[in-house]
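Visitor: I should like a close look at the pockets of this protein. Please describe the open spaces and the parts of the chain around them.

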Amino acid sequence: MEQDLPEGQGKKNSIRSVIFIYFTVSALAIILLIGVILYMQMSRQLALAVQDENQAVLGQINRSVDSYLRTIMKLSDSLYYGVIKNADLNEESLNSRITLLYDNNKDSISNIALLSKEGELLESVPAARLKTGLDVTQEEWFGNTLARTDNLHFTTPHVQYIFDNNENQYRWVITLTRAVEITHGTSTEQGILLIDIRYNSLAQILENITLGNQGYLYMLGNDGELIYHPRMQLIATGQATENTAVATTYQDGAYREKYEGEWRDISVKSVGYTGWKLLSVTPEKGLSLNNLKMQLFLVFVVAAFLLVLILTNTFISSRITIPIQKLEKSVNAIEAGELDTEVYMGGSYEIRHLGRSIGDMAKRIKELMEDIVAEHESKRRNEFDILQSQINPHF
């Protein structure tokens, strides 16, 4: 049958272990609290750093794209003001001068053509003729160009389809058009200057751009059509999608959106006056990989602090408890009757004071015991003397 232990006789915890546990638990709680606060702060700083980095990359790419488009626009100005505007198509051919400009820019240009407002091909380099049966006046870009004569018009990427040239049949291009004045003798009429920009020359600027873990960049036209995307072909075949409908509503800046069940950070930058938008996308899971690295780093830091804490607490608890243990050893000796034991008087002021008090108490107990023994001996001697004096008269 189990017996209850007397009060105070249960499991004993030494003062050293109690101090060690209390100090360790308290300090660990503080370290964990600081770690959580530090993690939250670092997470915010990481998100801001990624956002700033994306904005910087977008700014750099935007300048590259803007510079590229300005080169094409300067070419269109040279063609219009240097070749077409002051030429009389009744008297001279523009082919040689257009060919010269084409040869100087053929790495980025696929076709240059001059069309009348009736859709007739007046000049073209290097393409020979329009596709048979194609009425370009029915094309959307044709009507838009003549309707807004002060603007330059950019189409979205498409396969070149208006020229009958096998070499260029399946080449992807972005078409730039502008309204121009064409001179025929004494009369002038409107026409359209068309420049087919090689799509791959623009895509090369945007390719191989890294935006951290799983981040990417894409470009959107003002009508919401994709101009560039690293998964362009997959999107075209329906095997992948992009949040273009919402992206068209974004102005320049930073946004956070949820797409297909996943949160991601978006940065937006407009490209010149084209209406195009450059967008960087950083999925949350990409940030979480950086957060995982940061978590591992914080775990390492907390573990290091914990090791230092354990060593420090062991040292501190030893400094506090060793004098108490030595004093306890002296008290145990006194408790065993060894009143002549030298009482330990080291450590802090309180322990030294307690040691002196226990030493004085031991001396006092010893003196009292000696007094009791002396008194008992004196009493025994007196009783013996009285007994002896009572016995002597009988003899």
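Guide: What follows treats the pockets, then the enclosed space, then the chain as a whole and some individual residues.

The model is predicted, so that local features need pLDDT of at least 70 and side-chain atom pairs count only at pLDDT 80 or more, while totals for chains, interfaces and linings use all residues. Residues are numbered from 1 along each chain as its sequence is written, and side-chain values use heavy atoms, with hydrogens and water left out.

Rolling a probe the size of a water molecule over the atoms shows where empty space is left. The search is made on a 1 Å grid over the protein atoms alone; a pocket is an open set of points with protein on both sides within 12 Å along at least five of seven lines, a cavity is a set of points where a 1.4 Å probe fits but cannot get out, and lining residues have an atom within 4 Å of a point. Grid points are joined across faces, edges and corners, and a volume is the space filled by probe spheres set on the points.

The largest pocket holds about 570 Å³ of space. It is lined by 21 residues, and N144, H153, F154, T155 and N222 are the closest to its centre. Two elements, α3 (140-147) and β3 (153-154), each supply at least two residues of this lining; helices (H or I, at least four residues) and strands (E, at least two) are DSSP runs, numbered from the N terminus. The helix α3 gives the most to the lining of the largest pocket, namely four residues. By character, the lining of the largest pocket comprises six nonpolar, eleven polar and four charged residues. Here Ala, Val, Leu, Ile, Met, Phe, Trp, Tyr, Cys and Pro count as nonpolar, Asp, Glu, Lys and Arg as charged, and the others, Gly among them, as polar.

The second largest pocket has a volume of about 360 Å³. Its lining has 16 residues, of which W172, Y199, M232, Q233 and A236 are the closest to the centre. At least two residues each come from α4 (199-206), β8 (226-228) and α5 (232-236), and α5 provides the largest share of this lining, four residues. The lining of the second largest pocket consists of ten nonpolar, three polar and three charged residues.

Helix α4 also has buried residues, namely Y199, S201, L202, A203 and L206; buried means under 20% relative accessible area, exposed over 50%, and partly exposed in between (1.4 Å probe, protein chains only). After α4 comes N208, whose phi is positive, near 60 degrees.

As for enclosed space, the whole structure contains three cavities of 30 Å³ or more. The largest cavity has about 60 Å³ of space and is lined by W141, H158, Q160, Y161, I162, T175, L194 and D196. Four of these lining residues are nonpolar, three are polar and one is charged.

The chain around these spaces has eight helices and eleven strands. Its radius of gyration is 48 Å, well over the 21 Å that the globule rule gives for 395 residues, so the chain is more spread out than a compact globule; the radius is taken over C-alpha atoms, and the rule is 2.2 Å times the number of residues to the power 0.38. Along the principal axes, the C-alpha atoms fill a box of roughly 180 × 50 × 30 Å. Buried residues make up 37% of the 395 residues.

Two buried residues may be taken individually. M73 is found in helix α1 (residues 15-84) and counts as buried at 14% relative accessibility. Leaving aside neighbours within four places in sequence, M73 is in contact (heavy atoms within 4.5 Å) with L152, F154 and Y273. T244, in helix α6 (residues 244-247), is buried with a relative accessible area of 19%. Not counting residues up to four places away in sequence, T244 touches L220, G224 and L226.

Two backbone features remain. Most residues other than glycine have a negative phi, and most peptide bonds are trans. The peptide bond from V125 to P126 is cis, with omega near -10 degrees, and P126 lies in the loop between β2 (121-125) and α3. E260 is not a glycine, yet has a positive phi of about 55 degrees. E260 is placed in the loop between β9 (253-259) and β10 (262-271) and counts as exposed at 63% relative accessibility.
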